[in-house]
Amino acid sequence: MSTPVNNPTGESGQTGAISEEQPRRSLKFSGAGKTGIVVILFWITMVFIGPWVAPFHEAEFLDEALFIEPGLDDPYPATDFLPPGDVAYLGTDYLGRDTLSRLLYGARTTIGVSLLSTLLAYLIGITLGIAAAAGGRVLDSSLSRLNDAVLSMPTIMLGMVVISAYGSTLPVLIALTSLIYASSVFRIARAFGLDIMVSDFVDAARVRGEGLGWIIRREVLPGMILPMASDFGLRFVYIILFLSGLSFLGLGVQPPQSDWGSMVRENLAGLPYGAIAPLIPALAIASLTVAINLVVDDISAHHGGKLAEKII
Amino acid sequence: MPALLEIDNLVIEAAGGGASPAPVINGVSLQLDAGEVLALIGESGSGKTTLALSTLGYAKPGLEFRAGEVRLNGDDILAMPADEKRRLRGQRVSYLAQSAAAAFNPALRIGAQVTEASVLHGQLSQTEADRRATDLYRALGLPDPDHLGRRYPHQVSGGQLQRLMAAMALCGKPDLLVLDEPTTALDVTTQIEVLKAFKDVIRQEGAAALYVTHDLSIVAQIADRIVVLYAGEVEEYGTVDDILNRPQHRYTRQLIGAVRPPPDSTLRPESLEETRQDVPALEVKDLTAGYGRKHASGHTVKVLRDVHVAVGQGRSLGVIGESGCGKSTLARVISGLLPAMQGDVLLKGQPLKPSLRQRERRQLQKIQFVFQMADNALNPHQRVDQLLGRPLEFYFGLSGEEKRQRITELLHMVELPAEFSERYPEELSGGQKQRVNLARALAASPEILLCDEVISALDTIIGASIIQLLKRLREQTDVSFVFISHDLSAIASFADDIAVLYAGLVVEQGPANRVLAPPYHPYTRLLIASVPELSQGWLERTLEMRETQASIDRAVEITDRGCPFYRRCPLAIAGTCNQEAPPLRNLGHGHSITCHRSEAEL
């Protein structure tokens, strides 16, 4: 058999074409994605410096004296549900506190608690998901059935029961939220894990004699991390909304500490008067969740929609 | 009267290519008359599928038509508005894709899927379409044409499904049929029946066909004229006779050179079979293996039964059989991925523990597995130097400069430049990936290399270059090879010894030159007859042989009773072959056949 082999690799013409091709590993963001990043960065900055840039303390009732207008003979002007003005740039709430200050303080609680819960949910979900994918049939079925049980419970109801039993403190909120959301992370991690565990490169590592720990660390995890990262964004949004929902019901962060969800609830009474106090925190929640979703869209587009398949 | 299909100076480029757009199709012109079969041939990446799809007015996402015309009966397809294009597809032009398994919906009956397009387009009523489908099943030589439409896709074999796809494509009486590598995924034995059915039905229907393939020997059977594509340009255009016998261009000659010669025992010199060592490098003894629960009585599927093979030091054993015969299972048992039910695997006379975890690292290092699909066998998140470096660290504790040097050596061994160590698998072509895959196995400095269908997923030319590489490695090193393939000509060109596996049973084995010469086991004869030859008329000749006639439309069955090949065997003795297990006949020189027939009869 005589095959003319012209270049060292034997595949004429292909070597050149490939080296010209840029590695498509670098993730490029669209305009919308860049906007999202800016908004997220803004809020993250506020988590750190919010209390220092806020004009007032979150629990401070603004002094009536601040609102006395010269020429008008009213020594005791109303301080609640004020529209934006020179003193309170975003107006005041139902108790006459500065909305902007409460928003900036609230960023810390809302984003902090959500982020911590998401991270914890991921830690639990990925650990158990990989254990189920790699640990054999018995472990897989017992973990999966347990997970189905958690998934079958309505989250808000579960939250109400747990909080009424243990009280509404930040550690309870974080533990509850992360456990509830770990179950959906578990499902995705297990699906990715199972996919990767049956691939030939894992077989190749097993034939080499690699231990399970090495296989998980070096062969399985790298393939999961980027697609899971885009899911992380989504999950983070759900958790913000869940916590805001709890706060709205009065089960979340307790006053006088501010968070965005409870700010919406507290100020609902102002809506009939056209007060903007309940709208501002709602807009803040919307801006953060939309921004995260814009970034997530870019990341999942980078993965050719693989993520969408897994989640649905 | 214009030709049925005319392609005029067609240019297809990457969309938004910027300053230097790379044309995928660069100024191609061709013509196709009614009733004619035109083959488009070229290696992967030459643009043959892109060109074929242009006859449907379709360009894959990321590509766009830049210039030129595609005319069907004088109508310019590319200029058509979308809804007219939709009418064109499925009515006047229909497309037959490579994988029938992926084209059929497993939840719907075959009949409904075959007739769907023509009923939807309003060409035929459901009753007319059903009648037409039944006629087509008959023309395609499918079994039980009257009731076939009521079955589900999983109830027919792969070869039958491929023919059903032709029925689906032809149901609406299209003017032009586009076939994209329709037999590439099939076994050689199945390929014959599918080719014959296609050839007959195209002639009967008087349709024109565009046949896309990389396999010249198939083209020789079915096409009237050939277009050789290279890098998006027509390299050569002519009748089959001209191209095969008087190729003009270098690339065409290269293609013809890459066609593996039919297996021929005289090609091999009488080898050193008498000087065999006493202890083979690898021996598999009375091995039985399968899937399913181990202790459940009788419910296991035995994929291998009493297999006994051996590979001498520095030699290569070819294992051949159709899909489903247990070839890959054999490799998995040897490597320890699948523990055997019974029997032993001996490495230099030392028995190995059945499962991976019980084996020592030193033993694992000596047996290396090269997986079939390099795409899936290389972790896409690791660079080549990480892929090759890990076995070096793992088995030999190499690091730093020493490791780097060894990686360069390994890349050199598989004929890749050292710079490739910084690439990710997706930045490599199929053949290059397979070389890295091979280099990773070599990194362990193994004594046994298990090569599972390492060239099946590759083009003829690239596959041939990988075989060249393996041959060179065998000469340079003392490694013993177990080379698994369904392609007899690949095995014949590489293996010293051959074991023919059928339904988990070794039916014939011995030195290559003895296995490839009479007396044959009937199954070996069938395999040899099924390897396509690069000459016109081979299909008709081989179909006249009793082996092919007896085996057509029969799938591999695993039976516990009698000879598994009974139902496909032209020499079967009723009452014996289906009742009693065939005896092993030793023919001397290490050659043995498992059959009831005597040496003289075979």
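This is a short selection tour through chain B and the nonpolar core it shares with chain A. The model is predicted.

**Stop 1: the two domains**

Start with chain B. Colour residues 5–258 as domain 1 and residues 265–594 as domain 2. Their centres, taken over C-alpha atoms, are separated by 33 Å.

**Stop 2: where the domains meet**

Now select the contact between them. Domain 1 of chain B contributes 24 residues, and domain 2 of chain B contributes 25. Stay on the domain 1 side. Show α7 (188–205), α8 (216–222), α9 (240–245) and α10 (250–258) of chain B; each gives two or more residues to the side that touches domain 2. Which element gives the most to this side? Select α7(B): six residues come from there. Next, colour the domain 1 side by residue class. Twelve residues are nonpolar, seven are polar and five are charged.

**Stop 3: the largest nonpolar core**

Move on to the largest nonpolar core, a set of 244 residues. Pick out Ala167(B), Tyr211(B) and Val482(B), which have the most contacts inside this core. Then switch to chain A and select helix α3, residues 99–134. This helix gives the most to the core, with 14 residues. Back in chain B, domain 1 (5–258) and domain 2 (265–594) each supply at least three residues to the core.

**Stop 4: around Val482(B)**

Finish by centring on Val482(B). Leave out residues up to four places away in sequence, then show what Val482(B) touches. Val311(B), Leu317(B) and Val319(B) are among these residues. Add Ala331(B) and Ile334(B), which Val482(B) also touches. Ile448(B), Leu450(B) and Cys451(B) complete the list.

Technical notes. Residues are numbered from 1 along each chain as its sequence is written. Chains are lettered from A and ligands numbered from 1 in the order in which they are written. This is a predicted model: local features need pLDDT of at least 70, side-chain atom pairs count only at pLDDT 80 or more; totals for chains, interfaces and linings use all residues. A nonpolar core is a set of buried Ala, Val, Leu, Ile, Met, Phe, Trp, Tyr and Cys residues joined through C-beta atoms within 7 Å. A residue is buried if 20 or more other C-beta atoms lie within 10 Å of its own, exposed if 12 or fewer, and partly exposed in between; C-beta atoms are placed from the backbone. Helices (H or I, at least four residues) and strands (E, at least two) are DSSP runs, numbered from the N terminus. Domain bounds come from an automatic or database domain assignment. Two residues are in contact if their C-beta atoms, placed from the backbone, lie within 7 Å. Ala, Val, Leu, Ile, Met, Phe, Trp, Tyr, Cys and Pro count as nonpolar, Asp, Glu, Lys and Arg as charged, and the others, Gly among them, as polar.
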